[in-house]
Amino acid sequence: MSWEYIAIFVIAGFVSIFFELFIPGGILGTLGIILLLSAIGAAYGQYGLDGAAYVLLGEIGLGAIGFYLWARFFPGSRWGKRIAVQEVIEDEEFRHNLDHLNGKDGLTVSLCRPAGTVEIEGKRYDVVSEGALIQPGAKVTVVQVEGRRVVVRPR
């Protein structure tokens, strides 16, 4: 196998991996990796260990350059802006912890087994019970807050 075929394997491998970014599912990425490994194997069969090493180093270099260019230019491109989330969540609940809920009373909105939803002062929160099953509409008290984890117990 000549070096032209090895180059075609390398190019086809990188193209397959590139299209995997837009058509997820794993098939194109797997095909791309198989093509890149096949290029190394073909280089080893034709040119020995030195040829395989050169192909491997070339693939690493091309991969690094491609990743740099993608990371540098893709997020600002028209396609990048269509794919990426552009809005920022500006909710106090997400920026701060929930320590202010400690000791508050509320009503269960859903079945807590042990995870569920509770309404406290007009807002809904995801909570866990101390282990007991709590029916919807039951009165509960917040007994512990650890970051985003809110623990309740029936009153």
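This report describes the nonpolar cores, a nonpolar surface patch and the salt bridges of a predicted model.

## Basis of the description

Because the model is predicted, local features need pLDDT of at least 70 and side-chain atom pairs count only at pLDDT 80 or more, whereas totals for chains, interfaces and linings use all residues. Residues are numbered from 1 along each chain as its sequence is written, and side-chain values use heavy atoms, with hydrogens and water left out.

## Nonpolar cores

The largest nonpolar core (a set of buried Ala, Val, Leu, Ile, Met, Phe, Trp, Tyr and Cys residues joined through side-chain atoms within 4.5 Å) has 13 residues, and those with the most contacts inside it are L101, V127, V142, V150 and V152. Two or more residues of this core are given by each of the elements β2 (115-120), β3 (123-129), β4 (139-146) and β5 (149-154), where helices (H or I, at least four residues) and strands (E, at least two) are DSSP runs, numbered from the N terminus. The largest share, three residues, comes from β4. Apart from this core lies another, of nine residues, which includes V10, L36, A43 and V55.

The surroundings of V142 can be listed in detail. When its neighbours within four places in sequence are left aside, V142 is in contact (heavy atoms within 4.5 Å) with L101, N102, G103, K104, I120, V150, V151 and V152.

## Helix α1 and the nonpolar patch

A nonpolar surface patch of about 790 Å² is made by I11, V15, F18, F19, L21, I23, F67 and W70. Such patches are made of residues with over 30% relative accessible area and no salt bridge, with like charges joined within 9 Å and nonpolar side chains (Val, Leu, Ile, Met, Phe, Trp, Tyr) within 5 Å; the accessible areas come from the Shrake-Rupley method with a 1.4 Å probe, and for residues only the protein chains shown count as cover. The elements α1 (3-20) and α2 (27-73) each give two or more residues to the patch, and the largest share, four residues, comes from α1.

Two residues of helix α1 may be set side by side. F19 is found in this helix and is partly exposed, with a relative accessible area of 41%, given that buried means under 20%, exposed over 50%, and partly exposed in between (1.4 Å probe, protein chains only). S16 also has its place in helix α1, but at 10% relative accessibility S16 counts as buried. Leaving aside its neighbours within four places in sequence, S16 is in contact with L28, G29, L31, G32 and L35.

## Salt bridges

A search of the whole structure finds five salt bridges, each defined as a side-chain nitrogen of Lys or Arg within 4 Å of a carboxyl oxygen of Asp or Glu. One of them joins the side chains of E121 and K104 (2.8 Å, N to O). This pair links distant parts of the chain, since E121 lies in the loop between β2 and β3 and K104 in the loop between α4 (92-95) and β1 (105-108), 17 residues apart. E121 is exposed, with a relative accessible area of 60%, while K104, at 27%, counts as partly exposed.

Another salt bridge is formed by the side chains of R155 and D105 (3.1 Å, N to O), linking the segment after β5, which holds R155, to strand β1, which holds D105, across 50 residues. R155 is exposed at 57% relative accessible area, and D105 is partly exposed at 38%. The side chains of E130 and R153 also meet in a salt bridge (2.8 Å, N to O), with E130 in the loop between β3 and β4 and R153 in strand β5, 23 residues apart. E130 counts as partly exposed at 49% relative accessibility, and R153 is partly exposed at 39%.
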